[in-house]
Amino acid sequence: MINAQERKYLKILFHILIWLLLFTYPLASLNEEYLIHRNWVSLTCIFIAFYINYFVIVDLFFFRNKKPVFYILNILLIILLYVLLRHTLKLSLFHPTVDGKIVRQVRNGAMTTIQLILPIILSIGMCLGLKVNIRFRKSQLLLEQIKQTQLNSEIKYLKYQVQPHFLFNTLNNIYALVDSAPEIAKESIHTMSKMMRYLLHEASNSKVSLTKEIEFIERYIELMQLRVSSNVTLKKNFPIINQPIQIAPLLLISFVENAFKHGIDAVKPSFINVELSINGKYINYRVVNSSFPEKEKVTNSGIGLENLKKRLELVYPKKFELKTKEEANLFIAELKLKFKE
């Protein structure tokens, strides 16, 4: 990656090479010394017009909404350089003589004036175009940086929303065990401390290991199972990960949280099935749980699934398929995520 200092040196080198080519071209294309000298004088005027605009006039006037001053100064600059060029080209150095008589001289007339002025005008136009292009690229880069900063802030906000949501559910479960099963409650607090370590250290990164994300989910399931009744059947199927897969943290917990919160009834038989598989470049994640129409609709469960959808749109644009549906007392949540190109 080229840094700002290196870009600056490359830009200077590019300018030097261009002008070296322009000034050496007459040596290669012309065989008369006086013509080479004439070309060098013209190129010097073009050089002056270009860099006076490049370093001073464009920045001070054109980009500061003082365009009338910009045009007036350039008209004066063109006239000055034209007069200087005309007087310089009248010197004997630029006129070959034979027996004391001038053979070739710079003629007067409109055509000669145009030939002298037009390259200067073109150099100013090229300078303006170059500066506008540089300014546009800088503006685009700044805009991209602002967008990226906003994007990162939004991702962090959504990610940190998950943590209090998770803590609220988990602490409720542990609280329910304090009186009825204090020893289990102690173990639960120990398990929760490990999960908190993951939240504080691992989940603060932009990407985490899929293996650690699965371990986090399994610990969460263990904690939630301590409170549920015996009429709840839970099945989980996680693969052995034998490749370094990285994903955004806390993406997979939302399905499980949602299932425990809305898919379990205190009396009626309930179930939760959690499945995850790796298929080439894709993670296929599926959670199916029982659904009870008389309870609050799962699809309106608030922060969990909506948060997940927003984060996926920000972190994995056009790289995921998220589906949720409710049918025949079942709620099905499916995620297909492309984790690498």
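Which helix does lysine 138 lie in? In this predicted model, lysine 138 belongs to helix H4. With a relative accessibility of 56%, lysine 138 counts as exposed, because the cut-off for that label is over 50%. Lysine 138 doesn't sit there alone: Arg7, Lys11, Arg135, Arg137 and Lys138 come together on the surface as a patch of positive charge. Two helices, H1 (4–29) and H4 (110–180), each put in at least two residues of this patch. The largest share is that of H4, with 3 residues.

Helix H1 also turns up in a patch of another kind. Tyr9, Leu10, Ile12, Leu13, Ile16, Leu17 and Leu20 make up a nonpolar stretch of surface of about 670 Å². One of these residues, leucine 20, is placed in helix H1. Its relative accessible area is 49%, so leucine 20 falls in the partly exposed class, which runs from 20% to 50%.

Next come the annotated segments. An unreviewed UniProt entry lists residues 12–28, 40–62, 69–89 and 109–130 under "transmembrane region". For two of these spans, the backbone can be described from the model. Residues 12–28 are 100% helix and 0% strand, and the C-alpha atoms at the ends of the span are 25 Å apart. Residues 40–62 are likewise 100% helix with 0% strand. Here the end C-alpha atoms lie 29 Å from each other. Among the members of the nonpolar patch are Ile12, Leu13, Ile16, Leu17 and Leu20, and the record's span 12–28 takes in those positions.

The loops hold a couple of backbone oddities. Asparagine 65 isn't a glycine, yet its phi is positive, at about 55 degrees. Asparagine 65 is found in the loop that links helix H2 (33–62) to helix H3 (67–89). As for its surroundings, asparagine 65 has a relative accessible area of 67% and is therefore exposed, given the cut-off of over 50%.

Further along the chain, what is the phi of lysine 318? The value is near 60 degrees, again positive in a residue other than glycine. Lysine 318 is placed in the loop between helix H8 (303–315) and strand S8 (320–327). Is lysine 318 buried or exposed? At 87% relative accessibility, lysine 318 counts as exposed, because that value is over 50%.

Methods: Residues numbered from 1 in each chain as written. Predicted model: local features only at pLDDT ≥ 70, side-chain atom pairs only at ≥ 80, totals over all residues. Heavy atoms only, no water. UniProt positions renumbered as here; feature names shortened; annotations may be inferred. Helix = DSSP H or I, 4+ residues; strand = E, 2+ residues; numbered from the N terminus. Patch = residues over 30% accessible without salt bridge, like charges linked within 9 Å, V, L, I, M, F, W, Y side chains within 5 Å. Areas by Shrake-Rupley, 256 points an atom, 1.4 Å probe, with all protein chains shown as cover. Salt bridge = Lys/Arg side-chain N within 4 Å of Asp/Glu carboxyl O. Lys, Arg positive; Asp, Glu negative; His and termini not counted. Charge placed at Lys NZ, Arg CZ, Asp CG, Glu CD. Buried < 20%, exposed > 50% of the residue type's maximum accessible area, 1.4 Å probe, protein only.
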